Amino acid sequence: MKHFKIPMLILIISFAFFSCSKDDEEDIINGNSQNKTEQSDARYYVRYEVYMPLGYSGQTTSKTITYVSEKGKVHFTTSEDSWEGTFGPIKKGTNVSLMSEATSGGIRNNVEYYIRLSVSRNQEPFVVKGEQRENKSVLYTSYTIDF
């Protein structure tokens, strides 16, 4: 049984050593474990979040939200306290941004406003890439997709 284990071990090591191609070895050495075609075909999605409740009860409020989608720069006006949207696919290298600007209703001092920009590649979870938290009438964040 001992004589059988040594040749079998040599055979297994040989298969493992010779089954890697030169490209696989270079990827392992350089830490590139992803398939190159997967990187070039990556699909990116952007999720935007805004929380900016303006004014006090009974007041008319509005804010203008501006963001970048797969169709380019978009802006709209809303009176809702919060807004969320997911867009894509968007190409690698695109500079995405989010801005929320109070247009009527006044700033509340007792609330922390925020905007958040998150990016997802393919089926991976969203990762926060930009955020601003302040009591200001204009909030802005941006990120260039580069992963």
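# A tour of the predicted model

Select asparagine 109 to begin: leaving out residues up to four places away in sequence, asparagine 109 touches Tyr56 and Asn135. This is a predicted model, and asparagine 109 is found in its loop between β5 and β6. With a relative accessible area of 70%, asparagine 109 is exposed, because exposed means over 50%. Now add glutamate 134 to the selection. Asparagine 109 and glutamate 134 are 25 residues apart in sequence, and their C-alpha atoms are 9.9 Å apart in space.

**The whole chain**

Zoom out and colour by secondary structure. The protein chain has 3 helices and 8 strands. Read from the N terminus, its elements run α-α-α-β-β-β-β-β-β-β-β. Of its 147 residues, 32% count as buried. The accessible surface of the protein chain comes to about 9800 Å², and 53% of that belongs to carbon and sulfur atoms. Among contacts in the chain with a separation of 6 or more, residues 24 or more positions apart account for 66%.

**Strand β2 and its partners**

Select residues 62-69, which form strand β2. How many of the residues of β2 are buried? The count is 8 of 8, so β2 is mostly covered. Both of its faces are covered. Ser62, Thr64, Thr66 and Val68 are buried on one side, and Lys63, Ile65, Tyr67 and Ser69 are buried on the other.

Next, show strand β3, residues 72-78. A hairpin of 2 residues joins β2 to β3. The two strands run antiparallel and are joined by 7 bridges. To see one position of this pairing, pick lysine 63, which stands opposite threonine 78 in β3.

Then show strand β5, residues 95-104. β2 and β5 also pair in the antiparallel sense, over 6 bridges. Keep lysine 63 selected: its bridge partner in β5 is alanine 102. Move along β2 to isoleucine 65, which stands opposite serine 100 in β5.

From β5, go on to strand β8, residues 138-144. β5 and β8 pair in the antiparallel sense over 7 bridges. Select methionine 99 and look across to tyrosine 140, its bridge partner in β8.

**Aromatic rings**

Return to β2 and show the side chain of tyrosine 67, together with phenylalanine 76. The count of aromatic pairs comes to 9. In the pair of tyrosine 67 and phenylalanine 76, the ring centres are 6.4 Å apart and the planes stand at 75 degrees, so the pair is edge-to-face. Are these two residues buried or partly exposed? Tyrosine 67 has a relative accessible area of 8% and is buried, whereas phenylalanine 76, at 24%, counts as partly exposed. The dividing value is 20%, and that is why the two fall into separate classes.

Add Tyr48, Trp83 and Phe87 to the selection. Ring pairs link these residues with Tyr67 and Phe76 into a cluster.

**Charges over rings**

Two further stops show a charged side chain over a ring. Select lysine 129, which lies over the face of phenylalanine 147 at 4.8 Å from the ring centre. Then select arginine 133: its charged end sits over the ring of tyrosine 114, 4.7 Å from the centre of that ring.

**Three serines**

Select serine 82, found in strand β4 (residues 82-90). Serine 82 is partly exposed, with a relative accessible area of 46%. Leaving aside neighbours within four places in sequence, serine 82 is in contact with Val50 and Tyr51. Proline 53 is 29 residues from serine 82 in sequence, and the C-alpha atoms of the two are 7.0 Å apart.

Move to strand β6 and pick serine 118. Serine 118 is buried, with a relative accessible area of 1%. Its contacts, leaving aside neighbours within four places in sequence, are Tyr45, Val46, Arg47, Glu49, Phe126, Val127, Val128 and Lys129.

The last stop is serine 120, also in β6, which covers residues 113-121. Serine 120 is buried, with a relative accessible area of 3%. Not counting residues up to four places away in sequence, serine 120 touches Arg43, Tyr44, Tyr45, Pro125 and Phe126. Which backbone oxygen lies 2.5 Å from a polar atom of the serine 120 side chain? It is the backbone oxygen of glutamate 124.

Conventions: Residues numbered from 1 in each chain as written. Predicted model: local features only at pLDDT ≥ 70, side-chain atom pairs only at ≥ 80, totals over all residues. Heavy atoms only, no water. Helix = DSSP H or I, 4+ residues; strand = E, 2+ residues; numbered from the N terminus. Buried < 20%, exposed > 50% of the residue type's maximum accessible area, 1.4 Å probe, protein only. Polar contact = N/O pair within 3.5 Å; in protein donor to acceptor, adjacent residues only side chain to side chain. Contact = heavy atoms within 4.5 Å. Phe/Tyr/Trp six-rings, centres within 6.5 Å; stacked < 30°, edge-to-face > 60°. Lys NZ or Arg CZ within 6 Å of the ring centre and 35° of its normal. Areas by Shrake-Rupley, 256 points an atom, 1.4 Å probe, with all protein chains shown as cover. Pairing = 2+ DSSP bridges.
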